[in-house]
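Student: I am new to this structure and should like to go through it step by step. May we begin once it is displayed?

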Amino acid sequence: MKTPDNLSPSDNGLTRYVARFICEASPADLPGDVVALGKKSILDGLGLALSGSVAHSGDYVRRHLLDLNLGEGPATVIGSKLKVAPRFAAFANGVGIHADDYDDTQLAVAKDRVYGLLTHPTAPALPAALAMGEAKGASGREVMLAYHLGVEVECKIAEAINPRHYQTGFHATATCGTFAAAAASAKLMGLNLDQTLRALSIAGSQSAGLRENFGTMTKPFHAGRSSESGVAAAQFAEYGWSATDKILEAPRGFFRAAGGGYDEAAILNQLGAPWTFATPGISIKPHPSGSLTHPGMTEMLRLIRENRITAGDVERVRVGTNHNMPNALIHHRPTNELQAKFSMEFCMAALLIEGKAGLAEFTDEVVNRPDVKAMIERIDFVVDEEAEAAGYDKMTTLIAITLKDGRTISGRADFGKGSPTNPMSYEDVSYKFRETAGFAKLAPERIEDVIALVRDLETLPSIERLMAPLRL
């Protein structure tokens, strides 16, 4: 792949640099470790699209598609028999992947980057790559490259924009994810440089999503809409639709309008150098809740198991983090499963009472149980000076469990299970896939088929071989 050396926006333009990266990339540019890491996230995303298909939001999405009276198209709505136009399959599968808030998360590089500022990269990128891959009869190798390009563009844009973007209310998965879907679609459609430039620019004018909707169905709607918007952007660019050639860097472009500015060094000449999957990495979630809860949940589980703590032993729990984490984990007294995903108090309570926190625990019934509500009242979620000093690129969480016998058991974690510092293996992700796919009642033989197919994704002559067992 040819990467422009010492490129300056004044020479060729930042958006043009991104477009060139997309156009010139080939499968040979993907290092082996990046391919292996990507397969884990792809398998994870497929399982989440399945489990998301049986969420209430999945029912509404299918109702919407039927109301549109679209007729049959080339692209699969995972977890159903529906096949629709690529943009609508991307929408449905993007909503599905993000429905349970169980999907992967980008890590930060810069110290001023709040971990939660960055994106859930697979939710917008993979649905677009799959939908357009089916439409174009692409191979597994081609779809895999498009997916990686989408993730890379999405993550580096998220890394570059000023942190204000997230802190004042934008949902980066929604905004930056639109560029991911446009990049993946443009690659599979074989768009030239000018068309890809315009696809990115059309995508930029559709980037939207507000964090006030966290804890509602509209959060996964963001992921679906960004994936759909990126597909549509690439299609309109192919038609000949006009758009600017500098949507990222222009004074009225994405970075300044949505963030007040950006760090040029975080993206210029950084695409694929290194790939985000390699450095700083992507986390895969072991629990269906906001990523900011995961270090605390990992540490709480460790403390429970090592000290044989039961719910009846607990007098009070203190959970301390930096000030940005309560800014996202906003539901201190949740009343439903969606709010619970953004409640540190519920996540801690579920682990103390149930000893686990998977799809079966994140239900309205469990959230509203009297014993769970009583335990939540014993949990103090506070801003902690030590966590604040650790830096916002981490999710430092300090736990102090005061027991009824007078003892206090404490622990600290900067990252959770599934992060690059404590990674999940392909077998670990396969175990999670069996849970999520089983939640959608995918037959066991199909589950094992998909696990094997993703492991050898680059050898598939057609992506149809992977999509077929995902239809119910």
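Student: Is Arg-407 buried, exposed or partly exposed?

Tutor: This is a predicted model, in which local features need pLDDT of at least 70 and side-chain atom pairs count only at pLDDT 80 or more, while totals for chains, interfaces and linings use all residues. Residues are numbered from 1 along each chain as its sequence is written, and side-chain values use heavy atoms, with hydrogens and water left out. Buried means under 20% relative accessible area, exposed over 50%, and partly exposed in between, with a 1.4 Å probe and protein chains only. Arg-407 has 44% relative accessibility, so the class is partly exposed.

Student: Which residue forms a salt bridge with Arg-407?

Tutor: A salt bridge is a side-chain nitrogen of Lys or Arg within 4 Å of a carboxyl oxygen of Asp or Glu. For Arg-407 the N to O distance is 2.9 Å. The partner is exposed, at 53% relative accessibility. That residue is Asp-405.

Student: How many salt bridges does the structure hold by this rule?

Tutor: Among them is a network that links Arg-87, Arg-225 and Glu-228. By the rule, the count is 27.

Student: What separates Arg-20 and Glu-24 along helix H1?

Tutor: Helices are DSSP runs of H or I with at least four residues, strands are runs of E with at least two, and both are numbered from the N terminus. Arg-20 and Glu-24 form a salt bridge, with the closest N and O atoms 3.6 Å apart; Arg-20 is partly exposed at 24%, and Glu-24 is partly exposed at 31%. Because they lie four residues apart in helix H1 (residues 14–24), their separation is about one helical turn.

Student: Which residue in the salt bridge of Glu-464 and Arg-471 is buried?

Tutor: The closest N and O atoms of this pair are 2.7 Å apart. Glu-464 is partly exposed, at 32% relative accessibility. The partner has a relative accessible area of 17%, so the buried residue is Arg-471.

Student: How many disulfides does the structure hold?

Tutor: A disulfide is a covalent bond between the sulfur atoms of two cysteines; here the criterion is a pair of cysteine sulfur atoms within 2.5 Å. The number of disulfides is zero. Cys-155 is in none, and the nearest cysteine sulfur is 8.8 Å away, in Cys-176. Cys-155 is buried, at 0%, and the disulfide count remains zero.

Student: What is the order of the strands in the open sheet of four strands?

Tutor: Two strands pair if DSSP finds at least two bridges between them. In this sheet the pairing is mixed, and the order is E6-E5-E7-E8. Strands E6 (379–383) and E8 (408–413) are the edges, each pairing on one side only, and the twist averages 15 degrees from one strand to the next. Read in full, the order is E6-E5-E7-E8.

Student: Which residue in E8 is the bridge partner of Leu-398?

Tutor: Strand E7 (residues 397–403) and E8 pair in the antiparallel sense, over six bridges. The partner of Leu-398 in E8 is Arg-412.

Student: At about what angle does H12 run to E8?

Tutor: Helix H12 covers residues 294–307 and includes His-294, which is buried at 4%. Axes are lines fitted to C-alpha atoms, for helices over the stretch in contact (heavy atoms within 4.5 Å), and angles run from 0 to 180 degrees between N-to-C directions. H12 lies across strand E5 (314–321), E7 and E8, and its angle to E8 is about 140 degrees.
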